[in-house]
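Got a minute for a quick tour of a fold and its empty spaces? Have the sequence and the 3D view open as you read.

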Amino acid sequence: MWSCSDSMCKRKNVLITGASRGIGAATARLFARQGWGVGIGCHTARKKAQELAEELRGLGTQVEVYPCDVSQGEEVQGMLAAFLRDFGTIDVLVCSAGIARQELFTDITPVGWREMMGVNLDGVFYCCQAALPEMIHRKMGKIITLSSMWGQVGGSCEVAYSAAKAGVIGLTRALAKEVGPSGITVNCVAPGVIDTEMNRHLSPETKAALAEETPLERLGTPEDVAETIWFLASPAGDFFTGQVLAPNGGWVI
């Protein structure tokens, strides 16, 4: 049976998938600065995840790393079990793990389609299903999923990505209705073009053009998105559920 000191019981804990870099890492830093216990979910970038954990432990809070392929349900169950052993409770789940790929629709292979759905949509399903029993037992908790503006309106040459991210929005809205009576909120953040490693393939000229097309005339930063996630996780977001917040600089209105 897990037990805790008064200080540990009062501390809140967050598990963030895809937290080794980009939006996930910025989110982990923000929660750690607020004194939360932080679980860093990662898959391929394990060295970066460990380096981030060491950085955040310097802030005086508990930080643990959980290698996991979110497209595999058994691995997700193992990650949640390990997180609960280490932290005791999960107050917020942030489903940030994702992949992107630009290609013509006619070039999408069944394997590529399945990979896109597996990480971006199945991963959210597995993580939510693994986290909810503990949240329902306590009748409290918050789930924050990550979609994209292309999940809202669709993106040319990103059909598989757009379909997966649109699925995340549908899952979020439906799940919010289902678990609301249990005191759990479920919301979605749908970023615009964010200057992260996921977009490192874009040339400086392309990035400049994208910034010019954005009404605020700049690309978003991981910190912009992290602040939106923090808002939903904080008391200020307590009466939000089933919503899609879109830090996109005005690209999609």
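What follows is a short briefing on the sheet, the helices packed on it, and the pockets and cavity.

Keep in mind that this is a predicted model. At its heart for our purposes is an open sheet of 7 strands with parallel pairing, and the largest pocket comes to about 1200 Å³.

**The sheet**

- Reading across the sheet, the strand order is β3-β2-β1-β4-β5-β6-β7.
- The edges are β3 (63–67) and β7 (244–245), each of which pairs on one side only.
- Strands β2 and β3 run parallel, paired over 5 bridges, and V38 sits opposite V63 in β3.
- Strand β4 (residues 92–95) pairs with β5 (residues 141–146), also in the parallel sense, over 4 bridges; here V92 has K142 in β5 as its bridge partner.

**Helices against the sheet**

- Helix α3 (residues 46–57) joins β2 and β3 in a right-handed β-α-β unit.
- Helix α7 (residues 159–179) lies across β5, β6 (184–189) and β7, and runs at about 160° to β6.

**The largest pocket**

- This pocket, at about 1200 Å³, has 49 lining residues, and G98, I99, A100, T196 and M198 are the ones nearest its centre.
- The elements giving two or more residues to that lining are α2 (22–33), β2, α5, α6 (149–153), α7 and α8 (204–213).
- If you care about chemistry, the lining splits into 21 nonpolar, 20 polar and 8 charged residues.

**The second largest pocket**

- The second largest pocket holds about 160 Å³ of space.
- It has 13 lining residues, with K12, M140, G141, K142 and D238 nearest the centre.
- K142 turns up twice, then: it lies nearest the centre of this pocket along with those four others, and it is the bridge partner of V92.
- The lining of the second largest pocket has 5 nonpolar, 4 polar and 4 charged residues.

**The cavity**

- How many cavities of 30 Å³ or more are there? The count is 1, and the largest cavity has about 40 Å³ of space.
- Its lining is made up of T17, V70, C95, S96, A97, V119, G123, V124 and C127.
- Helix α5 (residues 110–138) supplies the largest share of that lining, with 4 residues.
- By class, the cavity lining has 6 nonpolar and 3 polar residues, and no charged ones.

How values were computed:
Residues numbered from 1 in each chain as written. Predicted model: local features only at pLDDT ≥ 70, side-chain atom pairs only at ≥ 80, totals over all residues. Heavy atoms only, no water. 1 Å grid on protein atoms, 1.4 Å probe; cavity = no way out; pocket = protein on both sides within 12 Å on 5 of 7 lines; lining within 4 Å. Points joined across faces, edges and corners; volume = space filled by probe spheres on them. Nonpolar A, V, L, I, M, F, W, Y, C, P; charged D, E, K, R; others polar. Pairing = 2+ DSSP bridges. Contact = heavy atoms within 4.5 Å. Axes fitted to C-alpha atoms, helices over the stretch in contact; angles between N-to-C directions. Right-handed = clockwise from strand over helix to strand, strands pointing away.
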